[in-house]
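Me: Please take a close look at a single part of this model, the packing of its interior. I would like a connected account that a bench biochemist can follow alongside the structure.

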Amino acid sequence: MPLCFAFGCNHMTGAKRTCSLFRFPTNPKERNKWIQRCRRADRAYTANDRLCSCHFKDGVKENGPTIFAYSKNLGCFPDHSKPKRLRLVEGEIEEKAKSNHEHCNDAPDSFEDRTGPVETLSKDVQGSNTDHDHCYAVSLPETSEESVNDLEEKVKDLQRELESLRLRKQPFTIRNIIQDPDKMLLYTSFPTEVFNVLVNVLERMRPFNYFSGWTVQGFSTSDQLLMTLMKLRLNLRDLDLAERFNTSKSTVSNIFNTYVAALHEILFEGVMKTVGIPSQLKCKGSMPKSFEEFSSARIAMDATEITQDVPSNMNSQSLSYSNYKSRHTAKAVTCVAPNGALVYCSELYPGSTSDAAIVDHCGVLDMLKPGDMILADKGFNIFDKLPSGVTLNIPPFLSSKSHFTKEEAQLCYKIGRSRIHVERANERIKNYCILDHIPSQYRHLSTKIFQLCVALVNLQSPLLKEIADKYEIPN
């Protein structure tokens, strides 16, 4: 007994059916039209297939099949269960047919309640369907209660994650201060233009070989430079910087050690050390009025000390103890040109080393030529170490006299008025708070840190207002 070829229809020959089964047309074009309307993608048409009259308007074959389960204007008709091969008494057959008929009448209401109003067929089509018990069932997917609970939990987790991201503290970056000149001076000690120049130079040197052996990926070059300058300028602890930049202490230490070495190579080795001390002719081209009495002066020299942790080695403790400061220090000699620019800086020496010994060992005298003059204080009694033709001008010693003569007092005033600029330059160096005290963890880097701070001072506004006005440099 063949079944109806339409998808979802279970009518067959035999039994007590009010519909008929029609053969497919012999005309290929018409037959293909019937096959397409049946929408049977699960199997192909065969010559034994039939189509029941329930799919034709008024049950007439000539009207063509137009009534299917997928029609938009058709109500819901539940599927009939496949008839079982059982012998039923006549009363049971009537009761079963009655229940099926009630089920078909109730189905459209339930479908409308679930999916909204639906369009119905015309009265003629409905009348033709009520003449027999042909029904289709439309099953809607039901979401299990467990899957709904899982989705709700996922939504809550995502909401909590979004809330935590919203409340998370934003990291400190260069964008927070780049537009504020006062903040740039506070955190970096120079204006935005100079900072951008340093960033561009560092970008050209990338990639770096980081101190700890692993590369920092989460920060831009500008933010890593800012972190380094904040450490130099404010001497913030690694934990403080890690909290500000939302990172770890090891990352801060890795960045600081790497960028100190990189900046030292660029600014000190590449600029200060390469350029060296300007010639006497260049010094005269920017000579301020305070040096009128010393027109041949090429440098003003002074020594400065910074405190450090007590070394663990007893010999190192003895060498680093300074009787002048009464603590363990490191000492360096700095030189400024007459225009106030820092032009030389020695390495750091133990605090007990004398000024004359540092000058003799560091080799600064080898850079001078005959006719040059050095301005210094009384601690630099290095007349026996001067190269031929180089003169030293220091304040006179009182010796056994009770007071200076008028000429000696005037000379002391003139020398002090000229060499005060090296004292002011050393004060700017000390404004980098990391030099307040060198901890033991940075002892291996102390000379580079000090020389880098010296080089950074030259990136600030000129020390003398007279020089700034001459070259129209804004303060």
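Reply: The account below goes from the whole chain to the interior, then to the helices that pack there, and ends with two loop residues for comparison.

The model is predicted, so local features rest on pLDDT of at least 70 and side-chain atom pairs on pLDDT 80 or more, while totals for chains, interfaces and linings use all residues. Residues are numbered from 1 along each chain as its sequence is written, and side-chain values use heavy atoms, with hydrogens and water left out.

The protein chain contains 15 helices and nine strands; helices are DSSP runs of H or I with at least four residues, strands are E runs of at least two, and both are numbered from the N terminus. Of its 475 residues, 41% are buried, a class that means under 20% relative accessible area, with exposed being over 50% and partly exposed in between (1.4 Å probe, protein chains only). Among contacts in the chain with a separation of 6 or more, 64% join residues 24 or more positions apart; contact here means heavy atoms within 4.5 Å. The accessible surface of the chain is about 27900 Å², and carbon and sulfur atoms account for 51% of it; such areas come from the Shrake-Rupley method with a 1.4 Å probe, and for residues only the protein chains shown count as cover.

In soluble globular proteins, nonpolar side chains tend to be buried together. In this model the largest nonpolar core comprises 71 residues, where a nonpolar core is a set of buried Ala, Val, Leu, Ile, Met, Phe, Trp, Tyr and Cys residues joined through side-chain atoms within 4.5 Å. The residues with the most contacts inside this core are F195, L225, L226, L232, L435, I449 and F450. Helix α9, residues 249-275, makes the greatest contribution to the core, with 11 residues. A second core of 25 residues lies apart from it and includes V333, C335, V364 and A376.

The helices around α9 can now be taken in turn. Helix α7 (residues 221-234) and α9 have axes that come within 9 Å and cross at roughly 90 degrees; axes are lines fitted to C-alpha atoms, for helices over the stretch in contact, and angles between N-to-C directions run from 0 to 180 degrees. Therefore α7 is roughly perpendicular to α9, the class for 65 to 115 degrees; under 35 is roughly parallel, over 145 roughly antiparallel, and the rest oblique. On the α7 side the contact uses T221, Q224, L225, M227, T228, K231 and L232, and on the α9 side V252, I255, F256, Y259, V260 and L263. These residues divide into nine nonpolar, three polar and one charged; Ala, Val, Leu, Ile, Met, Phe, Trp, Tyr, Cys and Pro count as nonpolar, Asp, Glu, Lys and Arg as charged, and the others, Gly among them, as polar.

Helix α6 (residues 192-205) also packs against α9, at about 105 degrees and with axes 11 Å apart, so α6 too is roughly perpendicular to α9. Here L198, V201, L202 and M205 of α6 meet Y259, A262, L263, E265, I266 and L267 of α9. The contact has nine nonpolar residues, no polar and one charged. Y259 and L263 of α9 thus take part in the contact with α7 and in that with α6.

Helix α5 (residues 181-188) packs against α7, their axes coming within 7 Å and crossing at roughly 70 degrees; α5 is therefore roughly perpendicular to α7. L185, L186, Y187 and T188 of α5 meet L226, L229, M230, R233 and L234 of α7, and these divide into seven nonpolar, one polar and one charged. F195 touches this region: leaving aside neighbours within four places in sequence, it contacts I174, M184, T188, F190, S222, L225, L226 and L229.

Two loop residues complete the picture. S53, in the loop between β2 (50-52) and α2 (90-115), has a relative accessible area of 10% and is therefore buried. P370, in the loop between α12 (355-362) and β8 (373-375), is exposed because its relative accessibility is 64%. Not counting residues up to four places away in sequence, S53 touches C19, S20, F22 and G59; with neighbours within four places left aside, P370 contacts S388, G389 and V390.
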